[in-house]
Amino acid sequence: MNALQLWQDQQQIAEVKKLFAPTLSDSEFSIFCGLGKTLELNPFTREIWAVKYGTTASIFVGRDGYRKNAQRHPQYDWHYEEAVYENDNFALTPNGVEHKFNLQNRGALVGAYALCKRKDSSRPNYIYVSLKEYNKKQSVWNTMPETMIKKVASAQVLRGTFQELFAGTYDEVEQGAVTGQKVIEQNEEENAVKEIEGLLETCTTHA
């Protein structure tokens, strides 16, 4: 069964809800299904999934899901990503990026950038991401940091260039940063509620 057929099978959709989006509300799951069908993504091969912390759901798309959908968009022209090291000569120019490096001694990895050009735009879209912002210092981030940070840059530039396709989604390698922020926001909200409850209790006691 291909991805498009999956989203038309009610039994399969129920299984997707159970396995990949059990905490989503009906409206959130409807958005999830709509995106999966539109982009022809298969949750069983981890091309799309959702995570919910607190009251907000985040939808994640695999790298290949971003690339294949961007490349078949009628306005897609080209995209490119590259890592940046501390000894590189790197500058943003009006027409894109000027980047020169010596392979013998590039120094430490500091980040990555990506460019994406639409046919209906005179200049490419540009994004730069810092390694320290996304490096979780575990798993493949320890063994392949350049590959991982380039994936972040690529996902962000494709998402920004084709917002009509990817708005409200995140890439798989961004999940740690995104869900971590959701946990922080949830904790802040819970602490604020507790503080208000404490103030109300104090006011009641002294009334």
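Let's start with the rings: this structure holds ten aromatic pairs. Rings of Phe, Tyr and Trp (its six-membered ring) pair if their centres lie within 6.5 Å; planes under 30 degrees apart count as stacked, over 60 as edge-to-face and the rest as tilted. One of these pairs joins W7 and F32, which meet edge-to-face, at 6.0 Å centre to centre and with 75° between the planes. It links distant parts of the chain, as W7 sits in the loop between α1 (3-6) and α2 (10-20) while F32 belongs to helix α3 (residues 26-39), 25 residues apart. Helices (H or I, at least four residues) and strands (E, at least two) are DSSP runs, numbered from the N terminus.

A word on where this comes from: the model is predicted, local features need pLDDT of at least 70, side-chain atom pairs count only at pLDDT 80 or more, and totals for chains, interfaces and linings use all residues. Residues are numbered from 1 along each chain as its sequence is written, and side-chain values use heavy atoms, with hydrogens and water left out.

Now look inside. Both W7 and F32 are buried, where buried means under 20% relative accessible area, exposed over 50%, and partly exposed in between (1.4 Å probe, protein chains only). The two also appear among the residues with the most contacts inside the largest nonpolar core, alongside F29, W141 and I149; this core has 40 residues. The largest share of this core, seven residues, comes from helix α7 (residues 145-161). A nonpolar core is a set of buried Ala, Val, Leu, Ile, Met, Phe, Trp, Tyr and Cys residues joined through side-chain atoms within 4.5 Å. In soluble globular proteins, nonpolar side chains tend to be buried together. Not counting residues up to four places away in sequence, I149 touches several residues, including L109, V129, Y134 and W141; contact means heavy atoms within 4.5 Å.

Next, find the open sheet whose three strands run in the order β3-β6-β7, with antiparallel pairing. Because β3 (76-85) and β7 (125-130) stand at the edges, each with a single partner strand, one side of each is left without a neighbour in the sheet. Two strands pair if DSSP finds at least two bridges between them, and β3 pairs with strand β6 (residues 109-118) over nine bridges. Among them, Y80 has L115 in β6 as its bridge partner. Y80 also forms one aromatic cluster with F90, Y113 and Y128. Helix α7 lies across all three strands, β3, β6 and β7, at about 30° to β6; axes are lines fitted to C-alpha atoms, for helices over the stretch in contact, and angles run from 0 to 180 degrees between N-to-C directions.

A second open sheet has the order β1-β2-β8 and mixed pairing. Strands β1 (residues 48-53) and β2 (residues 56-61) run antiparallel, joined by six bridges, and they form a hairpin with two residues between them. In the turn, G54 has a positive phi of about 70°. On the other side, β2 and β8 pair in the parallel sense over three bridges. Helix α3 lies across β1, β2 and β8, running at about 160° to β1.

Finally, visit N69 in helix α4 (residues 63-71). N69 is buried, with a relative accessible area of 4%. Leaving aside neighbours within four places in sequence, N69 is in contact with L39, L41, L165 and F166.
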